[in-house]
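The questions below ask how some labels for this structure follow from computed values. Each answer sets a value against a cut-off.

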Amino acid sequence: MTYFLQLLFSGVVVGLIYALAALGFVLVYKASRVVNFAQGQFIAIGAFLAYWALTALGAPFLLAAALALALTALLGFGVERIFLKRLVGQPIISIIMVTIGLASFLDGVIHLTPYGAGNYSYPSFLPPGGVGFLGVTISYAQLMAVFFTLGFLLLFSWFFQRSTLGIAMRSVADDQMAAMSLGVSVERVFALAWAAAGLTAAAAGLVVGTVSGLNLDGLTHIGLKVFPAVILGGLDSIPGAVVGGVLIGVLENLASGYLDAYIPGGGTRDVFPFLVLLLVLWFKPHGLFGTEEIERV
């Protein structure tokens with residue numbers, strides 16, 4: 001039972017990281033119907049910006065985290081203004097190809113920095129050890145990751161439910177023409193959606209760096225893990241992004257803990273979530289919380 005609880009809690013921590021990354025993915029898709037293939041690179045940039053601020057500038061962790069969040073959000077805003085604004089009204093496949101090219105470009109830029117290869121970790125700022133709960137040891141880094149992520153998700157939930165900008169973004173996601181008729185700037189909402197995607201990606205990178213350290217390939221790989229999480233929860237559902245992320249994280253850990261011993265070569269954590277995804281989509285093609293759109297033909 002203790003082993004199961006340990007796997008479960010570790011899976012929840014990983015799943016919350018996926019949920020943060022998936023949240024930015026969903027925000028961009030809801031606003032503009034664009035699939036962002038550069039989300040993994042945004043995660044890496046945010047994580048390494050914080051590491052740079054901690055080591056090169058000697059900034060305290062909270063200041064380094066705030067700087068990384070702000071700069072990555074600015075990067076997302078700039079990407080939309082410079083590269084994607086001119087493609088409004090063009091076929092979606094053209095915009096998707098731009099995000100794929102952007103992912104390769106950002107990957108190359110990161111490889112030109114000292115952080116393109118090797119493993120790094122944030123300077124220790126938490127006490128060693130952890131907290132015991134039901135026979136399971138939970139490290140302080142994991143606890144901080146859980147509270148930070150939940151706080152971030154609650155903040156975004158309040159933003160979309162209560163703030164003027166959040167309501168404007170929801171209105172554009174539901175009906176762009178109706179939102180424009182009410183005076184909402186769709187272009188501004190697109191840019192804010194990309195800024196929010198950068199913000200959530202940086203938050204995910206900060207959590208990864210705190211819990212397990214930094215590696216470029218590992219960080220960008222999270223961007224790929226976002227896809228099953230988002231599709232499982234529903235491409236246009238913010239609660240679905242959270243639920244899908246946590247489910248994928250838990251399934252990965254349980255599969256690795258219980259099935260790897262019976263599979264030659266192991267690696268079930270990379271396969272099992274996709275099998276569950278296929279099973280769910282068989283019965284619910286729009287995901288668990290996705291909107292079923294009925295179009296007149």
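Buried means under 20% relative accessible area, exposed means over 50%, and partly exposed is in between. The model is predicted.

Q: Why does Tyr-3 count as partly exposed?
A: The relative accessibility of Tyr-3 is 45%. Partly exposed covers values between 20% and 50%, so Tyr-3 counts as partly exposed.

Q: What makes Tyr-258 partly exposed?
A: Its relative accessible area is 37%. That value falls between the cut-offs of 20% and 50%, so Tyr-258 is partly exposed.

Q: How many aromatic pairs does a search of the whole structure find?
A: The search finds 13 aromatic pairs. One of them is formed by Tyr-3 and Tyr-258.

Q: Why is the pair of Tyr-3 and Tyr-258 called edge-to-face?
A: The ring centres are 5.6 Å apart and the planes make an angle of 75°. Centres within 6.5 Å count as a pair, and planes over 60 degrees apart count as edge-to-face, so both conditions are met.

Q: Which parts does this pair tie together?
A: Tyr-3 lies in helix α1 (residues 2-32) and Tyr-258 in helix α10 (residues 238-258), so the pair ties together parts that are 255 residues apart in sequence.

Q: What makes Tyr-51 and Tyr-115 an edge-to-face pair?
A: Their centres are 5.6 Å apart and the angle between the planes is 90°. The cut-offs are within 6.5 Å for the centres and over 60 degrees for the planes, so the label applies. Tyr-51 is in helix α2 and Tyr-115 in the loop between α4 and β1 (119-120), 64 residues apart. Both Tyr-51 and Tyr-115 are buried, and they belong to one aromatic cluster with Phe-48, Phe-61, Tyr-120 and Tyr-122.

Q: How do you know that the length of helix α4 agrees with its number of residues?
A: At 1.5 Å a residue, the 20 residues of α4 (residues 92-111) should span 28 Å. The end C-alpha atoms are 29 Å apart, which agrees.

Q: Which residues of α4 are buried, and what puts them on the same side?
A: Ile-95, Ile-96, Thr-99, Leu-102, Ala-103, Leu-106 and Ile-110 are buried. They cover an arc of only 110° around the axis, which puts them on the same side of α4. On the other side, Ile-93, Ser-104 and Phe-105 are exposed. The cover over the buried residues includes α2 (39-55), α3 (61-84), α8 (186-212) and α9 (216-233).

Definitions and conventions
Residues numbered from 1 in each chain as written. Predicted model: local features only at pLDDT ≥ 70, side-chain atom pairs only at ≥ 80, totals over all residues. Heavy atoms only, no water. Helix = DSSP H or I, 4+ residues; strand = E, 2+ residues; numbered from the N terminus. Expected span 1.5 Å × (residues − 1). Buried < 20%, exposed > 50% of the residue type's maximum accessible area, 1.4 Å probe, protein only. Arc of directions from axis to C-beta. Contact = heavy atoms within 4.5 Å. Phe/Tyr/Trp six-rings, centres within 6.5 Å; stacked < 30°, edge-to-face > 60°.
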